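Trainee: Please take me through this model step by step, and give the reasoning behind each answer as well as the answer itself.

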Amino acid sequence: MHLDVRQIVRFYYGTELGRIVQRSLSDQVSGVWPNTKGQTVAGFGFASPLLNPFLAASRRVLCLMPDQQGVVAWPRLRLDGENRSVLVEETSWPVATGLVDRLVVLHGLETCESPAALLEEVWRTLGPGGRAIFIVPNRSGLWARLDATPFGFGRPYSLMQLETLLQNHRFSLERRISALYMPPSHRQFWIRTARYWEGFSHQFPVPFAAGVLIVEATKRQHAPVGRGLGDAVRAPLEVLDGMRKPAAGPVSGRTGLKSDCRLPNRPDASGTMRLAREHGARK
């Protein structure tokens, strides 16, 4: 289930709780990738609040928003400014294969109608050794149980479910982080104590109580499939069968062959004369 982009914008930019979430997740992502100089960084879903730290040093920054959700201009929420966001089909992006070095998926995986197809598109657009960060609602957390925030929509994941899904689609797991330990409430008490809750959770993390799970994964490359050198060595040509295990007996010369060896199926001299006599008799 997709939220309308206006609802997400209203949460992140129009509420104090949304700004706290934006700051907390942005700190986590930029801490994982402190240096993206010369790299192409992209986001999918509604990842724009987390991409701002990468604008200065990165070679290119893109924000891909699914058509079921809608799109807004970014980095400025006005059409008269610079725009790096684009409306895309959920599982078919106008991005060249292997172009992206770093990808952030926020409000994208849990709301996607076909997670498998989405992960295939993520794998395609990442370059060799490319990395992706997936941020999803925690199945056992309080944020997935209430619809007061965008994390209350879509399908939440447990850590095992998310890791299994990524591994089944050719990703290697690199890092696991949990965040948003404060309740998803707009009340001032929880707003004022948000920093305390997040700071305490970083020292004593309890993943099952977190609001979101953050997993960093690397694109995994498969080895070529087919008859390569290894297969050829394990299955040598049959013409060498007589040379692999020489029989015991006298050996002559430098060839390492037996002194009385003959080519397979070649008749000896007496056999040749016998065949010639039989042929003349028939004539």
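Mentor: Before we place any residue, note that helices and strands here are DSSP runs, with at least four residues for a helix and at least two for a strand, numbered from the N terminus. Please also keep in mind that this is a predicted model.

Trainee: With that naming in hand, in which loop is the place of N138?
Mentor: The protein has 10 helices and 7 strands, and the position of N138 is described by the two elements on either side of its loop. Those elements are a strand and a helix, and N138 is in the loop between β5 and α5.

Trainee: Is N138 buried or exposed?
Mentor: Among the residues that N138 touches, leaving out those up to four places away in sequence, are A144, P156, Y157, F208 and V212. One of these partners, P156, is 18 residues away in sequence, yet the two C-alpha atoms are 5.6 Å apart in space. The relative accessible area of N138 is 3%, and since the cut-off for burial is under 20%, N138 counts as buried.

Trainee: Which residues have the most contacts inside the largest nonpolar core?
Mentor: As a general point, nonpolar side chains in soluble globular proteins tend to be buried together. In this protein the largest nonpolar core has 38 residues, and those with the most contacts inside it are V21, L25, I135 and F151.

Trainee: Which element gives the largest share of this core?
Mentor: The largest nonpolar core has 38 residues. Elements giving two or more residues to this core include the helices α1, α2 and α3 and the strands β2, β4, β5, β6 and β7. The largest share, 6 residues, comes from α2.

Trainee: How many residues are in the second, separate core?
Mentor: The core we have just discussed, with 38 residues, is the largest one. The second core is separate, includes V88, L103, V122 and L165, and has 28 residues.

Trainee: What is the angle between the planes of the aromatic pair Y12 and F46?
Mentor: The structure holds 7 aromatic pairs. Y12 and F46 form one that is stacked, with 5.9 Å from centre to centre. Y12 lies in helix α1 and F46 in the loop between β1 and α3, so the pair ties together parts that are 34 residues apart in sequence. Planes under 30 degrees apart count as stacked, and for this pair the angle is 20°.

Trainee: How is the aromatic pair of W143 and F151 classed?
Mentor: Both partners have a relative accessible area of 1%, so W143 is buried and F151 is buried too. The ring centres are 6.0 Å apart and the planes meet at 85°. Because planes over 60 degrees apart fall in that class, the pair is edge-to-face.

Trainee: The charged end of which residue sits over the ring of W123?
Mentor: There is a related arrangement elsewhere, where R102 lies over the face of W33 at 5.7 Å from the ring centre. Over W123, the distance from the ring centre is 3.8 Å, and the residue is R170.

Trainee: Phi of R170 is near what value?
Mentor: R170 is found in the loop between α5 and β6, and with a relative accessible area of 23% R170 is partly exposed. Most residues other than glycine have a negative phi. R170 is a residue other than glycine with a positive value, and its phi is near 70°.

Trainee: Which two residues does a cis peptide bond join?
Mentor: Most peptide bonds are trans. The cis bond in this model has an omega of about 15°, and its proline lies in the loop between β2 and β3. The residues joined by the cis bond are W74 and P75.

Trainee: In which helix is confidence lowest?
Mentor: The mean pLDDT of the protein is 82, and 74% of its residues reach 70 or more. Residues 224-233 stay under 50, with 2 contacts beyond four places in sequence, and residues 247-264 are also below 50. Where pLDDT is low, the predicted coordinates should not be read in detail. Confidence is highest in β4, at 98, whereas the lowest mean, 47, belongs to helix α8.

Note on methods:
Residues numbered from 1 in each chain as written. Predicted model: local features only at pLDDT ≥ 70, side-chain atom pairs only at ≥ 80, totals over all residues. Heavy atoms only, no water. Phe/Tyr/Trp six-rings, centres within 6.5 Å; stacked < 30°, edge-to-face > 60°. Buried < 20%, exposed > 50% of the residue type's maximum accessible area, 1.4 Å probe, protein only. Lys NZ or Arg CZ within 6 Å of the ring centre and 35° of its normal. Core = buried A, V, L, I, M, F, W, Y, C linked by side-chain atoms within 4.5 Å. pLDDT = per-residue confidence, 0-100. Contact = heavy atoms within 4.5 Å.
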